[in-house]
Amino acid sequence: MNIYAIRAIYCFEMARTWRTLMQSVVSPVISTSLYFIVFGTTIGSRIQYVNGISYGAFIVPGLIMLSLLTQSISNASFGIYFPRFTGTIYELLSAPVSYIEIVIGYVGAASTKSVMLGLIILATAHLFVPVQINHPGFMLLFLLLTAFTFALFGFIIGVWADNFEKLQFVPLLIITPLTFLGGSFYSIDMLPAFWRTVALFNPVVYLVNGFRWSFQAETQVNIRICLGVTFSCLALFIGIVAWIFKTGYRLKS
């Protein structure tokens, strides 16, 4: 494996983050802070505790997961789409760089950005509510696993999209609604029996609850099932990426 090729792609993508710091970091942090303010003052004044945890602390994992999913997908999708848009993808495909190295470079950079953002949001949350992390090792592991998994998903979207509108379609119209309906701001135990059953078909429910367990040692879904769903998504996206490079789907179009 050519470590220099991976480092070149990785460093190039990370450099883009520092050039667009307002868009990449500051804007998501401000948006998340507004969620704390709005939900903390409106819903938090009516629902003070959820499962014995203050409402403000309860929504912290969900808010981090919301930013983590959207930013992982957006960073990776734009990272691979832009070379296709400008035509520089042909230089990369003709270079002595393997497909694995390309994926590691782009997905690794997107994951790093998302994890950094998640940790910054976690630090920001301490300004609003007392946050306790019961399983910090698992929290960091789950953060990395989720970021890498959905950066792979973003890479797939970046290959599939043929314009900037499609690039934003999945994060805005699919991932964000699924995250809002996935228990980010409420416990799924609050839902009526029918809607709770429907919610269990939403994969984001397992991501949010798995991540919440690392903070509060409490979850509405078995932690093993949460990990199983996460690894299943990872395996699915790895399989799709492998198929893309095997067939050359849209990479050369």
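These questions and answers walk through the pockets, cavity, salt bridges and surface patch of a predicted model.

Trainee: Which element gives the largest share of the lining of the largest pocket?
Mentor: This pocket has a volume of about 610 Å³. Its lining counts 23 residues, with Gln 23, Pro 28, Thr 70, Gln 71 and Ser 74 nearest the centre. The elements that each give two or more residues are α1 (3-19), α2, α4 (60-86) and α8 (164-180). The largest share, 8 residues, comes from α4.

Trainee: How many residues of each class are in the lining of the largest pocket?
Mentor: Take the 23 lining residues by class. Two of them are charged. The rest of the split is 8 nonpolar and 13 polar. In full, the lining has 8 nonpolar, 13 polar and 2 charged residues.

Trainee: Which element gives the most to the lining of the second largest pocket?
Mentor: About 260 Å³ of space lies in this pocket. It is lined by 14 residues, and Phe 12, Glu 13, Pro 83, Thr 88 and Tyr 106 are the closest to its centre. Two or more residues come from α1 and from α4. The most, 6 residues, come from α1.

Trainee: How do the residues that line the second largest pocket divide by class?
Mentor: Glu 13 is among the residues closest to the centre of this pocket. Glu counts as charged, and Phe, Pro and Tyr count as nonpolar. Over the whole lining, the division is 8 nonpolar, 3 polar and 3 charged.

Trainee: Which element gives the most to the lining of the largest cavity?
Mentor: The count is 1 cavity of 30 Å³ or more. The largest cavity has a volume of about 70 Å³. At least two lining residues come from each of α2, α4 and α6 (99-125). The most, 5 residues, come from α6.

Trainee: Which residues line the largest cavity, and how do they divide by class?
Mentor: The lining holds Thr 17, Ser 24, Val 25, Gln 71 and Asn 75, along with Lys 113, Ser 114, Met 116, Leu 117 and Ile 120. By class they divide into 4 nonpolar, 5 polar and 1 charged.

Trainee: Is Glu 13 buried or exposed?
Mentor: Glu 13 meets Arg 16 in a salt bridge, at 2.4 Å from N to O. The two are 3 residues apart in helix α1, so about one helical turn separates them. Arg 16 has 17% relative accessibility and therefore counts as buried. Glu 13 has 4%, so the answer is buried.

Trainee: Which residues are joined into one network by salt bridges that share partners?
Mentor: The model has 4 salt bridges. One of them pairs Asp 189 with Arg 196, with the closest N and O atoms 3.1 Å apart. Salt bridges that share partners form one network, and its members are Glu 13, Arg 16 and Lys 113.

Trainee: How far apart are the closest N and O atoms of Asp 162 and Lys 166?
Mentor: Asp 162 is partly exposed, at 42% relative accessibility. Lys 166 is partly exposed too, at 27%. They form a salt bridge, and the closest N and O atoms lie apart by 3.4 Å.

Trainee: What accessible area does the nonpolar patch have together?
Mentor: Its members are Ile 30, Leu 34, Ile 37, Val 38, Leu 127 and Phe 128. Leu 34 lies in helix α2 (residues 21-42). Leu 34 counts as partly exposed because its relative accessibility is 47%. Together the patch has about 590 Å².

How values were computed. Residues numbered from 1 in each chain as written. Predicted model: local features only at pLDDT ≥ 70, side-chain atom pairs only at ≥ 80, totals over all residues. Heavy atoms only, no water. Patch = residues over 30% accessible without salt bridge, like charges linked within 9 Å, V, L, I, M, F, W, Y side chains within 5 Å. Areas by Shrake-Rupley, 256 points an atom, 1.4 Å probe, with all protein chains shown as cover. Salt bridge = Lys/Arg side-chain N within 4 Å of Asp/Glu carboxyl O. Helix = DSSP H or I, 4+ residues; strand = E, 2+ residues; numbered from the N terminus. Buried < 20%, exposed > 50% of the residue type's maximum accessible area, 1.4 Å probe, protein only. 1 Å grid on protein atoms, 1.4 Å probe; cavity = no way out; pocket = protein on both sides within 12 Å on 5 of 7 lines; lining within 4 Å. Points joined across faces, edges and corners; volume = space filled by probe spheres on them.
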